[in-house]
Amino acid sequence: MVISANLRSFLSLLFVLTCAHAFAVPWAASHGENRFPGDHHHSRSPTVFPQLTWLRDTAIEKVFGVPPKSVNPTSDKPGTSTPPSIAQLPAKLLAKYGGDVVLRFNISTPYEEEALAEAADTLFLDVWESTHNWADIHLREDDVPSLLGLLPKSLHKAYSHLMPDLARTIYQSYPSITFAQAPLSPNRAEVFTPTIRDGGVDNIFFSDYQPLSVIVPWMRLLASMFTTHVRLINIGTSYEGRDILALRVGVHPNLAPDSTEPRKTIVVSGGLHAREWISVSTVTYLAWSLITSYGKAPGITKLIQEFDWVFIPTPNVDGYVYTWENDRLWRKNRQQTTLRFCRGLDLDRGFGFEWDGTSYQSNPCSESFPGEEPFQAVEAHRLAEWAKNEVENNSVQFVGFLDIHSYSQQILYPYSYSCSTTPPSLENLEELAMGLAKAIRISSGELYTVASACEGAVSFKDRKTGEPSTRMESAGGSALDWFYHELNVRYSFQIKLRDTGSYGFLLPKENIVPTGEEAFNALKYFGDFMLGNKGIESVEDEEVQRLGDILETEDTEDQFNEDEDQAIEKEFEQDPIDDFNWELRRKMRRVRASSCAISPSIPQFLNHLIIPTQIYRTVALYPSSQLPQPRIAFAPDPSDMAPTPYKIDVPESKVQNLKTKLSLAEFPDELEAAEWDLGVPLADLKRLVKAWEQWDWRQAENKLNEIPQYHTEVEVDGFGPLDIHFVWQKSEHILPLLAKPDGPAFHIVAPSLPNYGFSEGVKKRGFAAAQYAETCHKLMLQLGYDEYVTQGGDWGFYITRAIAYLYPKHCKANHLNMMRADPPAFNKHPILALQHALVPYTEKDKEGFKRTDWFQKEGRGYYVEQATKPQTIGYALRDSPVGLLAWIYEKLHDWTDSYPWTDDQILTWISIYQFSRAGPGASQRIYYEIMHTKPGPGAVTREDIHKYIGGVKLGLTYNPKELAILPKTWCRTMGDIVYEAENDSGGHFYATEKPELLARDLRIMFGKGGGAYKVVKDKSGYEDDNRARL
């Protein structure tokens, strides 16, 4: 019988789909009639996810002429089923998990952590997951009192129920394939075909979790359909005799047939722990996405040509089958131990490297039992044997290993067994891990934290040594460490997928495709990075991709890789909409992270104040910083820290030393026809140097001293008291531009940040965003302002947002003239996301993209040096006033909207840097410290800054020559927007360039009828409201 190729493919696929009925759920025998009732919370859309049985039956009817079955119109009606009551749950499930719960304990001290770990070990409890500040524990409800009896009183109320009815949650996690849904229209049959990468949403294989009996035929089908670049391989045999199958994806167009050059190979494995179904589905999603993009997306094609990719959905095949047929929450393999009633070894504790690090060797009943010797776990041994054989006999060089797990949303790098040993390639591991987290965050908005794998099971570190003080579970003998150390796989990572605890291991099927998509974006980033030049593939089709190139940058770690801005573009040419959105998000990271080379020292402020700057009622104007969390319990006696009036008085010796250095200046030559694109023109700089040498600093100093200035000590946690200089202008002496009869009055507080202007410099490392935020907030409290509002741009954007995030009870409103935000996501901002998806970019948006593109490619060099080697550039800026002048003057020119700077303004600005208390080199350190701040206790991430902050009013002003200009739909995701203004002119230094417009913004936003009117309790700013002007 001759069957067409299409029919053969269809029948092969039909075989895969009919296998969906070939698995047995634990209660199938006794409760077949109640199997998989529909869950009204998580039901599939009938128009997107059709019923498998419909396809099977329709195929048989059409191909073999079988008459169609009669349909019961009542029972088949979509949505008629309801969740079962406790009595309806299968008896086998109730017997095992009836009365079980999952608790989340919030941990705040090392003592609590240690007590909880010991109690869990004593009671043989199942620790699902733990992070820096919480631990999820599965136990019987009846055992909760016993557990609490072993814990300190501080934990007795420090827990909540994540899953109050675990049995029901497990029941609802199995696929509902036998229940009625709207039938699939024949014209939608293409959604079952794996030859088109469509994002996975309409691919029936990814509409639900699949048992091994479906996954294996599906893998065989892929290998048979894509013979040019896919092979099905066998890793080995499991304890119960099942094949551990994998898909090897790759082509070798540039290798001669007799070449002995090792083939670079990347392994992607999931399912080492059987209950982590999302890890299995994600590995299959990654394989499918890579395979079906070959030949269509140039970037993906290159990755497949340059590397072999081995996708292992689950080495723990026995355990995975067991989760489908017996126990949904089974973790280990099914190997017999010395205790007949405690089967199973933890595969991810069974590898040979540092196997002795585990503390569970004598407890076969432990969920983390590694066996009695290294590689006793059969499947771990098979995987290691296969890998070593590939290296020794098959000319394979493993260059990457991605071990996919769930849950907690983390990117972890070696070592897992101990935090006391530093991996040799730590810097590279951290760099790539940050990039992977960034790629995920950009694609979906989900935050994945980055840490050493040893810290993944650690909640606290010793204050003195920095070493972990306790561990919720041991992590010796991991696959991650073994591949990294024993096989020298330089880039080995463990990726823990969604979520962060709401569902734990029982993640609903609706998350399969979104999780797969964010993992696929991380995989592409990983591959691009592995290409050796950070994966840069330039795109020849520029218009759409160039716009995407503009806006996707955020993590400052990646800002100094110029190539990375152009990264993965070419591979996306076949899918312009999705790929443009990816690029847009990817590039925006850089824009958001970019900030001012001239940090908010007093020069910026005084220019802004004289021509009012960041101005507010109870107003703190904070140009600075990012937001690691201050650990602040502040209640000093105000009389002990009363501010003292301050006058600038630079020693004459410093003034004369400056003039001497300027007189001895030597200048480089200059290319013919040199202009600003090469930097500050030589003629301009020579003129300013000469003017500076003859300029009267004392005249400028006297003018500055007309502004009311003060200094006071502010106690910063871990850094002691710092002497902070600030401008403090009260409403009775308010600046003319704000002193309108019909407008509100303000008090203005404008601090020089530590390391800037006339504030004290910091001598210890680690003074990062949290400390800057703490300094500003404590200063306001010391001055008597329990409630206040803020205004900021540049670093001020981050500080004002930090204050709002950390102290919303005190900071009542922000006004911003520089914005950094993420694209609106449908799950967080559906209306804004819809607007963003449907409304075309305006001409102003496109001009904004061009401006941002210019800054990314031409204006960011300063940041590279300051964020990576601040000490090096500090020597030059401290010793050479000419170098300092050029370094800052370039920004004054490039970052404004043709603002007519006078020499007096420029030289005042530069001189404050030159004569600053800590020296001009100190002002660079904020870039390094914030760039190198890692997520953890006390830290506030950029994600926190960019996300919606409730309870704090927000005003936004858009200027056409800002450094990064984002669509309004993005910026509106940040908070409760009560004021927006879009100017036709204006640049980065808004308060200096357009003081009258900034004053307008503040008067409208905080004035009568404004969105933030009376936002500060009892302080409206109007005398006729019987409100003091402070």
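These legends describe close-up views of salt bridges in a predicted model.

**View 1. Salt bridge between Lys-496 and Glu-129.** The side chains of the two residues meet with an N to O distance of 3.1 Å. Lys-496 belongs to strand β12 (residues 491–497) and Glu-129 to strand β2 (residues 126–130), so the contact ties together parts of the chain that are 367 residues apart in sequence. Lys-496 has a relative accessibility of 10% and counts as buried. Glu-129, at 5%, also counts as buried.

**View 2. Salt bridge between Glu-390 and Arg-248.** The closest N and O atoms of this pair are 2.5 Å apart. Glu-390 is located in helix α11 (residues 378–393) and Arg-248 in strand β6 (residues 243–249); the pair links distant parts of the chain, 142 residues apart. Glu-390 and Arg-248 are both buried.

**View 3. Salt bridge between Arg-698 and Glu-652.** Here the closest N and O atoms lie 2.9 Å apart. The pair links helix α20 (residues 697–704), which holds Arg-698, to helix α18 (residues 652–663), which holds Glu-652, across 46 residues of sequence. Arg-698 has a relative accessible area of 23%, and because buried means under 20%, Arg-698 is classed as partly exposed. Glu-652 is likewise partly exposed, at 40% relative accessibility.

**View 4. Network of salt bridges around shared partners.** Arg-248, Arg-263, Asp-308 and Glu-390 are joined into one network by salt bridges that share partners. The pair Glu-390 and Arg-248, shown in View 2, forms one of the salt bridges in the model. The salt-bridge count comes to 32.

Definitions and conventions. Residues are numbered from 1 along each chain as its sequence is written. This is a predicted model: local features need pLDDT of at least 70, side-chain atom pairs count only at pLDDT 80 or more; totals for chains, interfaces and linings use all residues. Side-chain values use heavy atoms; hydrogens and water are left out. A salt bridge is a side-chain nitrogen of Lys or Arg within 4 Å of a carboxyl oxygen of Asp or Glu. Helices (H or I, at least four residues) and strands (E, at least two) are DSSP runs, numbered from the N terminus. Buried means under 20% relative accessible area, exposed over 50%, partly exposed in between (1.4 Å probe, protein chains only).
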